[in-house]
Amino acid sequence: MTKQELRKSFLQKRLALTDQEYSNNNIQIRERFFASIDLISIKVIHAFLPLLKNKEPNTWLIIDRLKKDFPSIKISIPKIDLNNTLVSYYLDDNSNLELNKLGIEEPVSGTLTNPTDIDLVIVPLLAYDKSGNRVGYGKGYYDRFLRTCRENSVKVGISFFDAVEKIDDTNEFDFRINQCINPNQSIPFSS
């Protein structure tokens, strides 16, 4: 399937989840994240903030547990800047968030995170394939952002669904993930 076909299909699949399925899947993803990610050497994690109206995986469950159980790990969150580029800001107790034009919470101000300081990125996606290619919403924000991060930073996608066999129209601008976590398993991808 093409990216456009997958976007449409997987957005519909997410929106069709009942509230109970959505809640259970989010809890299972959180538990699997902490069971499968080695956080010992992680100093900075960038996590997308969920677009709840589209039933994106609720990363707040992961963020809240990181803050509680791993206070030494700094958390960074995205913001679309005036140049329509995704940048990252540290999240702290003083962070003031507001909805952007897409309906996603983002920091109003704060301390910019240098992308090369990020050890792990929790990447949004609608679908992914068995090679670690992902389909986002099609704006390319994360593909461009990931190119500014260190090559060895870990890129983790989270999804409610299993991988598709192959995304037919990937290209050189697409950025692969290292791992994907869904409610049933954590799937590593070879480089």
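**Entry 1. Cover over α2**

I began with what packs over the buried residues of helix α2 in this predicted model. The cover includes α3, β6, β9 and β10. Next I listed the buried residues themselves: Tyr 22, Asn 25, Asn 26, Ile 29, Phe 33 and Phe 34. I asked why they count as lying on the same side of α2. They span an arc of only 160° around the axis, so they sit on the same side of the helix. I then checked the other side of α2, where Gln 20 and Ala 35 are exposed.

I also looked up the length of α2. The helix has 18 residues, and its first and last C-alpha atoms are 26 Å apart. That is close to the 26 Å expected at 1.5 Å a residue.

**Entry 2. The sheet**

I traced the strand order next. The sheet is open and has seven strands, in the order β3-β2-β1-β6-β9-β10-β11. Its pairing is mixed. I looked for the edges and found β3 (86-91) and β11 (186-188), each of which pairs on one side only. From one strand to the next, the twist averages 25°.

I then picked one pair to inspect. In which sense do β9 and β10 pair? Strand β9, residues 154-158, and strand β10, residues 179-181, are parallel and share three bridges. I noted one bridge by residue: Val 156 has Gln 179 in β10 as its partner.

**Entry 3. Helices across the sheet**

I went back to α2, residues 19-36, and asked which strands it crosses. It lies across β6 (120-123), β9, β10 and β11. Its direction makes an angle of about 140° with β10.

I did the same for α3, residues 60-69. This helix lies across β1 (44-47), β2 (74-80), β3, β6 and β9. It runs at about 145° to β2. I noted that β6 and β9 appear in the list for α2 and in the list for α3.

**Entry 4. Positive phi in two loops**

I looked up two residues with unusual backbone signs for what they are. Lys 55 is not a glycine, yet its phi is positive, about 55°. I placed Lys 55 in the loop between β1 and α3. Is it buried or exposed? Lys 55 counts as buried because its relative accessibility is 13%, under the 20% cut-off.

Asn 84 is not a glycine either, and its phi is positive at about 60°. I found Asn 84 in the loop between β2 and β3. Its relative accessible area is 35%, so I logged Asn 84 as partly exposed.

Note on methods
Residues numbered from 1 in each chain as written. Predicted model: local features only at pLDDT ≥ 70, side-chain atom pairs only at ≥ 80, totals over all residues. Heavy atoms only, no water. Pairing = 2+ DSSP bridges. Helix = DSSP H or I, 4+ residues; strand = E, 2+ residues; numbered from the N terminus. Axes fitted to C-alpha atoms, helices over the stretch in contact; angles between N-to-C directions. Contact = heavy atoms within 4.5 Å. Expected span 1.5 Å × (residues − 1). Buried < 20%, exposed > 50% of the residue type's maximum accessible area, 1.4 Å probe, protein only. Arc of directions from axis to C-beta.
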